[in-house]
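Q: Please take a close look at one part of this model, the place where one chain meets the other, and then set that part in the context of the chains on either side.

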Amino acid sequence: MVRTIKTLLALAALAFTFGTSVYAQDSMKHEDKAKTLETGSFHGKVHSTSGRATIYQETDGKLVLRLTNFKTSNGPDVHVILIAAKDADDNANFLKSSTERVELGSLKGNEGDQNYDIPSGTDLSKFQTVSIYCERFNANFGAAPLEKF
Amino acid sequence: MNAHVGSWLSGRKWILVAVGLPILVSAWWAFRPEKLWTNQKVSEPSPFASSTDPQPLDTGRLEGKAHQTSGRATIYRTPDRKQYLRLTDFSTSNGPDVHVVLAPSDDKNLSQEIVTGLDSIELGSLKGNQGDQNYDLPASVDLQKYNAAVIYCERFHAVFGVARLEQF
């Protein structure tokens, strides 16, 4: 009897140690046309920058960065770039440091929703942050660290 | 004498203009001061917008509290105005009587692991401690107020994980 109890206790302990996992797999409630890969919020106090940056992948594999609810200060020669960093401080200077970057184009507007094509072959596991970057003064207006959606 | 002074002055003015104007122009080009007062607003449509797809409203990453919890919580709205919470990339520890609830993110209880009384909206029992899962929201939830998704163990009043939701 004692032995049975011991065995049962041991089994219970084993079950507790290894734990059990319940895996759920609900699908999206629609057929996915384009996948949302990553998203993040902008921060930037010196040139107050806010909004969201999201990277989508179309069914043909093309990557697009979309800015939504976006607002930054207007300025000369402002660009949208991806940088090989986890995040960027206000006014971080990328030209003096050797931060690798991918150019996505001139900022289309300092307010509103906008899309930018990402060159094919861009390694998103390396380029993890979107930066609104003033080329003329090498100033980071705002940055959005991206996380998996 | 007068004529001489006049021509000397006008010569100097000419130099001032010749030197000053390019400086002014290049200073304007470099700083574009008028941009301080002007805005350039764009409104491009989403390249994938489809009125038949659920639209993400709010999203946030889950942070572990009493137990290691990770993943993303996103609230979607379907075209017929129904709302649901979707967990993706999700993992927490298994436990007894674990629920998914919405709570105000500024609730002081959420900074603790064990809570005394959480002002919350029940979304249902946790379907699985791993994997993608959807939870329907009751109609007319105030998402401005209840802006955090919480993985909550009712039995021990333990907050497994919290996701503070921000506008998508």
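A: The account below begins with the contact between the chains and then moves outward into each of them.

The model is a predicted one, and in it 34 residues of chain A are in contact with 34 residues of chain B. On the side of chain A that touches chain B, at least two residues each come from strand 1 (35–41), strand 2 (50–57), strand 3 (63–71), strand 6 (111–118) and strand 9 (147–148) of chain A. Strand 6 of chain A provides the largest share of that side, with five residues. By character, the residues of the side of chain A that touches chain B comprise 15 polar, eleven charged and eight nonpolar ones.

Strand 6 of chain A also takes part in pairing across the chains, since three bridges join it in the parallel sense to strand 1 of chain B, residues 41–43. Within this pairing, Glu111(A) lies opposite Lys41(B), a residue of strand 1 of chain B. In general, the strands of a sheet pair through backbone hydrogen bonds, in either a parallel or an antiparallel sense. The wider arrangement is an open sheet of six strands with mixed pairing, and its order is 9(A)-1(A)-2(A)-3(A)-6(A)-1(B). Strand 1 of chain B and strand 9 of chain A are the edge strands of this sheet, each pairing on one side only.

Turning to chain A as a whole, its secondary structure consists of one helix and nine strands, and these follow one another along the sequence in the pattern α-β-β-β-β-β-β-β-β-β. Of the 149 residues of chain A, 31% count as buried. Among the contacts in chain A between residues at least 6 apart in sequence, 63% join residues at least 24 apart.

Chain B, on the other side of the contact, has one helix and ten strands, and along its sequence they are arranged as α-β-β-β-β-β-β-β-β-β-β. The radius of gyration of chain B is 30 Å, whereas the globule rule gives 15 Å for 168 residues, so chain B is more spread out than a compact globule. The C-alpha trace of chain B spans about 105 × 40 × 25 Å along its principal axes. Chain B is divided into domain 1 (2–36) and domain 2 (55–167), and the centres of these two domains of chain B, taken over C-alpha atoms, are separated by 65 Å. In chain B, 29% of the 168 residues count as buried, and among contacts between residues at least 6 apart in sequence, 61% join residues at least 24 apart.

Further along chain B, strand 5 (residues 98–103) is mostly covered, with five of its six residues buried. Strand 5 of chain B pairs with strand 8 (residues 148–153) of chain B in the antiparallel sense over six bridges, and in this pairing His99(B) stands opposite Tyr152(B) of strand 8. Strand 5 of chain B also runs antiparallel to strand 6 (residues 121–125) of chain B, to which four bridges join it, and here Val101(B) has Glu122(B) as its bridge partner.

The largest nonpolar core has 30 residues, of which Val100(B), Ala148(B), Ala149(B), Val150(B) and Val159(B) touch the most other members. At least two residues of this core are supplied by each of strand 3 (70–77), strand 4 (83–91), strand 5, strand 8 and strand 9 (158–164) of chain B. Of these, strand 8 of chain B gives the most to the core, with six residues. If residues up to four places away in sequence are not counted, Ala149(B) touches Ala73(B), Leu85(B), Val100(B), Leu102(B), Ala163(B) and Leu165(B). Apart from this core lies another one, of 26 residues, which includes Ala88(A), Phe94(A), Phe141(A) and Ala143(A).

To return to the part under study, strand 6 of chain A gives the largest share of the side of chain A that touches chain B, and strand 6 of chain A pairs in the parallel sense with strand 1 of chain B, which is an edge strand of the six-stranded open sheet.

Technical notes
Residues numbered from 1 in each chain as written. Chains lettered and ligands numbered in written order. Predicted model: local features only at pLDDT ≥ 70, side-chain atom pairs only at ≥ 80, totals over all residues. Domains from an automatic or database assignment. Contact = placed C-beta atoms within 7 Å. Nonpolar A, V, L, I, M, F, W, Y, C, P; charged D, E, K, R; others polar. Pairing = 2+ DSSP bridges. Rg over C-alpha atoms; globule rule 2.2 N^0.38 Å. Buried ≥ 20, exposed ≤ 12 C-beta atoms within 10 Å, placed from the backbone. Core = buried A, V, L, I, M, F, W, Y, C linked by C-beta atoms within 7 Å.
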